[in-house]
Amino acid sequence: DIRKSIIEADLVDCIIAMPAQLFLTTGIPVCLWFVTRDKSGRNLAQGRGGRNRSGETLFIDARGMGQMETRTLRYLTGRDSSLTPPPRETDIGRIVSTYHAWRGESGADEYADVKGFCKATALKDLRKYNYILTPGTYVGSAARKIDNEPFEDKMERLVGELSDQVAASDMLTAEIRKRLGALGYDL
């Protein structure tokens with residue numbers, strides 16, 4: 001009921017699903033909620049202007065972003081950038097530029113929904129999905145590459161690659177045994 005009331009009051013501006021393992025103390029993923037009382041676009045800071053976003057919420061699914069820094073800690077690229085916002089080629093830059101474009105800020109790119117990453121969703125669709133605020137529900141999955149390689153050809157190619165890798169492994173094992181033997185440590 002609380003979530004329904006917040007959505008019906010048109011307070012939710014954007015929801016971003018972040019990847020797991022961003023924090024040292026927990027490995028669970030989090031969602032960032034951006035809320036606002038004014039989606040008119042008139043009062044955006046620094047005179048950047050904007051478009052009227054009333055009745056609309058942006059969903060960004062960033063769960064697939066980031067790189068592992070350690071075995072248990074992930075980071076988003078762009079965190080060390082001296083630019084604000086970070087360049088669009090970075091994870092943080094992509095999220096920020098998508099949000100600014102959707103808000104219609106001057107100087108921002110043109111916004112477009114990207115399957116598997118972002119989608120602007122109307123209030124009627126939120127109602128249809130029973131007020132669920134999980135980005136994956138709305139953005140869908142990224143388009144997968146179509147594999148046109150016939151199964152028999154693919155298996156022949158993969159078995160050939162595996163054979164080459166096994167041969168290389170055998171050569172490395174023999175070289176390691178030889179060097180250890182030269183040091184007096186036979187395997």
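1. Pro85 lies in the loop that runs between strand E5 (74-75) and helix H2 (91-103). In this predicted model, the peptide bond joining Thr84 and Pro85 is cis, with omega at about -5°. This deserves a second look, because most peptide bonds are trans.

2. Helix H2, which follows that loop, contains Ile92. Is Ile92 buried, exposed or partly exposed? Its relative accessibility is 23%, so Ile92 counts as partly exposed; the cut-off for buried is under 20%.

3. Which residues touch Ile92, once its neighbours within four places in sequence are set aside? The contacts are Leu76, Thr77, Gly78, Arg79 and Pro86. Thr70 can be placed relative to Ile92 as well: the two are 22 residues apart in sequence, and their C-alpha atoms are 19 Å apart in space.

4. The next loop to check is the one between helix H3 (123-128) and helix H4 (135-139), where Asn130 is found. Asn130 is not a glycine, yet its phi is positive, near 60°. Tyr131 sits in the loop between H3 and H4 too. Tyr131 also has a positive phi, about 65°, and is not a glycine either. Such values stand out because most residues other than glycine have a negative phi.

5. Are Asn130 and Tyr131 buried or exposed? Asn130 has a relative accessibility of 56% and therefore counts as exposed, since the cut-off for exposed is over 50%. Tyr131 has a relative accessibility of 11%, so Tyr131 counts as buried. A reader going through the H3 to H4 loop will thus pass from an exposed residue, Asn130, to a buried one, Tyr131.

6. How many cavities of 30 Å³ or more does a search of the whole structure find? The search finds one. The volume of the largest cavity is about 40 Å³.

7. Which elements give two or more residues to the lining of the largest cavity? They are helix H1 (2-8), strand E3 (56-61) and H3. Among the lining residues are Ile6 and Ile7, Glu56 and Thr57, and Leu123 and Leu126. The rest of the lining is made up of Asp10, Leu11, Val12, Lys39 and Gly55.

8. By residue type, the lining of the largest cavity has six nonpolar, two polar and three charged residues. Gly55 is part of this lining, and for this count Gly is placed with the polar residues.

Conventions: Residues are numbered from 1 along each chain as its sequence is written. This is a predicted model: local features need pLDDT of at least 70, side-chain atom pairs count only at pLDDT 80 or more; totals for chains, interfaces and linings use all residues. Side-chain values use heavy atoms; hydrogens and water are left out. Helices (H or I, at least four residues) and strands (E, at least two) are DSSP runs, numbered from the N terminus. Buried means under 20% relative accessible area, exposed over 50%, partly exposed in between (1.4 Å probe, protein chains only). Contact means heavy atoms within 4.5 Å. On a 1 Å grid over the protein atoms alone, a cavity is a set of points where a 1.4 Å probe fits but cannot get out, and a pocket is an open set with protein on both sides within 12 Å along at least five of seven lines; lining residues have an atom within 4 Å of a point. Grid points are joined across faces, edges and corners, and a volume is the space filled by probe spheres set on the points.
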